[in-house]
Amino acid sequence: MVYQYFSLAISQYDGMPKTSRQTLQALGKKLKKLRKEHNLTQEKLAEQLRISTVYVGFLEAGKGSPSLKLLMKISRKFNVRVEDLFHR
């Protein structure tokens, strides 16, 4: 899965999560933070990313495993680097 690659690739940074579960939880927290900073509901973000609202909820809960394509869409939407999505 994509998150396994990112888990290994980003674990070299200080303060970065070291397990896949922690990586997905960090992504979820960051996604929720960015969404709220941009005054978006889960429904509106889902519509803009062309994914389901339920999946946005799973991602924010750290339970979803997004594809690289989706990670790139999210990073473009919020104007951040993909690796920055994994910072807490």
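Student: What percentage of the 88 residues of the chain count as buried?

Tutor: The model is a predicted one, and the figure is computed over the whole chain. A residue counts as buried when its relative accessible area is under 20%. By that cut-off, the share of the 88 residues that count as buried is 39%.

Student: How many helices and strands does the chain have, and what pattern does it follow along the sequence?

Tutor: The chain has five helices, and the number of strands is zero. Read along the sequence, the elements therefore contain no strand symbol, and the pattern is α-α-α-α-α.

Student: Among contacts between residues at least 6 apart in sequence, what percentage join residues at least 24 apart?

Tutor: One pair that is far separated in sequence is Lys30 and Phe86, which are 56 residues apart along the chain while their C-alpha atoms are separated by 6.8 Å. For the chain, among contacts between residues at least 6 apart, the share that joins residues at least 24 apart is 55%.

Student: Which residues of helix 3 are buried, and within what arc do they fall?

Tutor: Helix 3 spans residues 42–49, and its buried residues are Leu45, Ala46 and Leu49. Seen down the axis of helix 3, these buried residues line one face of the helix, because they fall within an arc of 100 degrees.

Student: Which helices are included in what covers the buried residues of helix 3?

Tutor: The residues in question are Leu45, Ala46 and Leu49. What covers them includes elements from both earlier and later in the numbering, namely helix 2 (20–37), helix 4 (53–60) and helix 5 (68–78).

Student: How are helix 3 and helix 4 oriented to each other, parallel or perpendicular?

Tutor: Two packed helices are described by the angle between their axes and the distance between the axes. For helix 3 and helix 4, the axes are 8 Å apart and the packing angle is about 105 degrees. Angles of 65 to 115 degrees count as roughly perpendicular, and helix 3 and helix 4 are therefore roughly perpendicular to each other.

Student: Which residues make the contact of helix 3 with helix 4, and how many of them are nonpolar, polar and charged?

Tutor: From helix 3 the contact is made by Gln42, Glu43, Leu45 and Ala46, and from helix 4 by Thr53, Val56, Gly57 and Glu60. Sorted by class, with Gly counted among the polar residues, the contact has three nonpolar, three polar and two charged residues.

Student: Is Arg35 buried or exposed, and what is its relative accessible area?

Tutor: Arg35 is found in helix 2. Not counting residues up to four places away in sequence, Arg35 touches Leu40, Thr41, Gln42, Leu45, Glu60 and Phe78. Arg35 is buried, with a relative accessible area of 8%.

Student: Which residues is Lys30 in contact with, leaving aside its neighbours within four places in sequence?

Tutor: Lys30, like Arg35, is found in helix 2, and Lys30 is buried at a relative accessible area of 14%. Leaving aside its neighbours within four places in sequence, Lys30 is in contact with Asp84, Leu85 and His87.

Student: Which exposed residues does helix 5 carry on the face turned away from its buried side?

Tutor: The buried residues of helix 5 are Leu70, Leu71, Ile74, Ser75 and Phe78. They cover an arc of only 140 degrees around the axis, which puts them on the same side of helix 5. The face turned away from that buried side carries the exposed residues Lys69 and Arg76.

Student: What is the phi of Arg50, and where is Arg50 placed?

Tutor: Arg50 lies just after helix 3, in the loop between helix 3 and helix 4. At 74% relative accessibility, Arg50 counts as exposed. Although Arg50 is a residue other than glycine, its phi has a positive value, near 60 degrees.

Student: What is the phi of Asn39, and what is the phi of Asn79?

Tutor: Asn39 is found in the loop between helix 2 and helix 3, and at 71% relative accessibility Asn39 counts as exposed. Asn79 comes just after helix 5. Both take a positive phi, which for Asn39 is about 50 degrees and for Asn79 is about 55 degrees.

Methods: Residues are numbered from 1 along each chain as its sequence is written. This is a predicted model: local features need pLDDT of at least 70, side-chain atom pairs count only at pLDDT 80 or more; totals for chains, interfaces and linings use all residues. Side-chain values use heavy atoms; hydrogens and water are left out. Buried means under 20% relative accessible area, exposed over 50%, partly exposed in between (1.4 Å probe, protein chains only). Helices (H or I, at least four residues) and strands (E, at least two) are DSSP runs, numbered from the N terminus. The arc is that of the directions from the helix axis to the C-beta atoms. Contact means heavy atoms within 4.5 Å. Axes are lines fitted to C-alpha atoms, for helices over the stretch in contact, and angles run from 0 to 180 degrees between N-to-C directions. Angles under 35 degrees count as roughly parallel, over 145 as roughly antiparallel, 65 to 115 as roughly perpendicular and the rest as oblique.
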